[in-house]
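Colleague: Could you take a close look at how the charged side chains pair up, and then at what lies around them? I work at the bench, so please spell out your cut-offs as you go.

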Amino acid sequence: MGIVAGLDSSSTFTRIVVCDTDTGAVLRQGYAPHPQPAGEALPHETDPQAWLLSLGEAAGGGLLEGVQAIGVSARRGLLALDAQGGPVRPALVGNDRRGQVAAADLVEALGGKAAWTAAVGSVPHPAQPVVKLAWLARTDPEAARRVAVLMSPHDWLVWQLLGRPARRTTDRADASGTGYWSAATGSYRPDLVELALGHQALLPEVLGPCDAAGMTPEGLLISAGTGETTAAALGLGLGPGDAVVSLGATGSVMAVHHEALAEPGGLITALADAGGMHLPVVNTSNAVRTLRGTADMLGTDLEGLSALALKSTPGAHGLVLLPYLEGERTPHLPHSAGTLSGLRRDSMKPEHLARAAFEGMLCGLVDALDVLRHRGVGIRRVFLLGAVAELPAVQAAAPGLFGTQVVVPAPADYAALGAARQAAWALGAQQGTLAPNTPPLWPAPAAQVFEPGEEFAAWQAVRQQYVTTREQLHPGAF
C-alpha cells in the first residue's frame, strides 16, 4: 500500500485529499480558502501567491505525512512570466469578456474559424490563453514585451512545488486548451503565440498521462498534473462511451473519444484528456441561468421551480422555451434571445412554464450532445454534474431527453480525487507496478442511476417538439 495526495486549486479555495494508492480510499482531507487581497481586485486577474498561501494552509497539521506522490489540478488560465520567472501582471483567469475583440481579431488574422480548427482544434474564445495573450499585447504592450515564459496555473503550481527548476512542464489536457497546441498532432504552434503576443515565448514541455514532472527537494514525486475539468473526469473514472453534462450558469458536454475531433464552425473544442485519450467539448451559453430566470419570474427558488414543474406533464401543455437568454454558442446564435412559444389559455399556468424551463434547458444540452453523436462519438451513459442535477425535475426529464442512462454522482472532490489518481498512476509507473497506459482501477463513485424508462417515447416527442420550434424560429441553425 502507498499513499498519494491530490491537490485542487479552484477559483476560491485549495482542496487536498490523501488517498490509498490501491483502493482510492480517502484517508485525510484538507481545505483552505484563497486569501482575498486588500483593495478591489479585478475579477479575472489574481495574484498567484494566494494559491500558494492557501495550499500551505490546507496542507497544515501533518496532512501530507507519509505521502509519496502529489498530483495537482487547477483552474484554467494564463501566467505570463518574465525572464526571471516573475509574473508580468497578475494571473489571467476565467472567461474574461475583455478578450472578445482580441478573439475576433485572431480569428480573422488566421483566415477564419476553419483555419483555427484545422490548426489546433478550436476557435479562439476569451477563456483561452492565446486570446489572453492577444488582449495583453493590445492593452498592456509594455508588459507583453517582457513576457518570456507561458504557463497555466497547474503548471505554475507544479513548478513551485519542485523548487522552480529550469525544466517547466504541462500535460496534454491543459496544453490542448491553450489555443496554441494541437491535440490532433500533439505539437505546439509557436507561430500562433507570435500571432497573439507579437514575439515567441518559452512553452512548457508536454508530459504524458503517467509521466512525472519531477521530485521535490523532500523526495516527493510530482505527477504531470492537469486542469480541473480533466482531473474531475479522471476522478469520476470516465471511459469510452461516457459523457459528462455540466450544469452551471452555462452548460458543457464532453465525452471520452479515441481521436481528436474538429468542427469547422468551432462548435467542438478538441481537448485531450488526462488519461491518454481525447475529450471533445461542446459548450452552451445557457443552462442554470434559464432556471434561475424562470424562478425569479414565478417568485420562487430552484427547489420550488422543480416542485412546480412536476405538477405539469412532459411537453408542458405545448409550451416550448428556447433558452437563448444570453445569445447562444451551440447553435451559433450570438445575438438571439430566449423565446417562449405555444402559449394558449390552458397552458398559461406557472407549472407549465416551470416545466418548459427544465425541458428547454435540457433540450439545449441535448443539442450539444447531438453535435458529438453526429461526429461518431458513442454515448452509453451521461454523468450529470452540478447542484441542480439533484433536482427531481431534472432527474425525471434527463434520461428520456438524453436517450440514455443518466448517472448523478454523489457530491465529492472529483478534481482532487482525479489529481490523486494521477499521482498514484505516476508512482506505480515509476515503481513498475502499473502499466503506462493503465491508471489504477479505483472503485466507481457512489451515484444515483436513472434509466429512460417507460415514458421514453413521450420524452422523445418533447424533444421533437423542441427541435421543430427551433427550426421554425432559427431555420438552419445547425
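Modeller: Happy to: I'll begin with the charged pairs and then move on to the cores, a sheet and one helix.

A word on the source comes before the details. This is a predicted model, in which local features need pLDDT of at least 70 and side-chain atom pairs count only at pLDDT 80 or more, while totals for chains, interfaces and linings use all residues. Residues are numbered from 1 along each chain as its sequence is written, and side-chain values use heavy atoms, with hydrogens and water left out.

Side chains of opposite charge can pair when their charged atoms come close. Searching the whole structure gives 17 salt bridges (a side-chain nitrogen of Lys or Arg within 4 Å of a carboxyl oxygen of Asp or Glu).

Let's start with aspartate 370 and arginine 373, whose side chains form a salt bridge at 3.4 Å, N to O. Both residues sit in helix 12, three residues apart, about one turn of the helix (helices are DSSP runs of H or I with at least four residues, strands are runs of E with at least two, and both are numbered from the N terminus). Aspartate 370 counts as buried because its relative accessibility is 16%, whereas arginine 373, at 25%, counts as partly exposed (buried is under 20% relative accessible area, exposed over 50%, partly exposed in between, with a 1.4 Å probe and protein chains only). These two also belong to a network of salt bridges that links Asp367, Asp370, Arg373, Arg463, Arg470 and Glu471.

Another pair joins aspartate 242 to arginine 380, with the closest N and O atoms 3.7 Å apart. This one links distant parts of the chain, 138 residues apart: aspartate 242 is in strand 16 (residues 242-247), and arginine 380 is in the loop between helix 12 (350-373) and strand 22 (381-385). Aspartate 242 is buried, at a relative accessible area of 1%. In the salt bridge between glutamate 142 and arginine 146, at 3.1 Å from N to O, glutamate 142 is partly exposed at 43% and arginine 146 is partly exposed at 35%.

Now for the nonpolar side. The largest nonpolar core has 56 residues, and Leu247, Leu384 and Phe402 touch the most other members (a core is a set of buried Ala, Val, Leu, Ile, Met, Phe, Trp, Tyr and Cys residues joined through side-chain atoms within 4.5 Å). Helix 12 gives the largest share of this core, 13 residues. Leaving aside neighbours within four places in sequence, leucine 384 has contacts that include Val245, Leu247, Ala398 and Phe402 (heavy atoms within 4.5 Å). Apart from this core lies another one of 31 residues, among them Ala5, Met151, Leu220 and Ala224.

Next, the sheet. Four strands make an open, antiparallel sheet in the order 4-7-6-8 (two strands pair if DSSP finds at least two bridges between them). Strand 4 (45-46) and strand 8 (149-151) are at the edges with a single partner strand each, so one side of each has no neighbour in the sheet. Strand 4 pairs with strand 7 (residues 91-93) over two bridges, and threonine 46 has alanine 91 of strand 7 as its bridge partner.

Last comes helix 6 (residues 153-161), which is mostly covered, with eight of its nine residues buried. Trp156 and Trp159 are among them. Just after helix 6, glycine 163 takes a positive phi of about 85 degrees.
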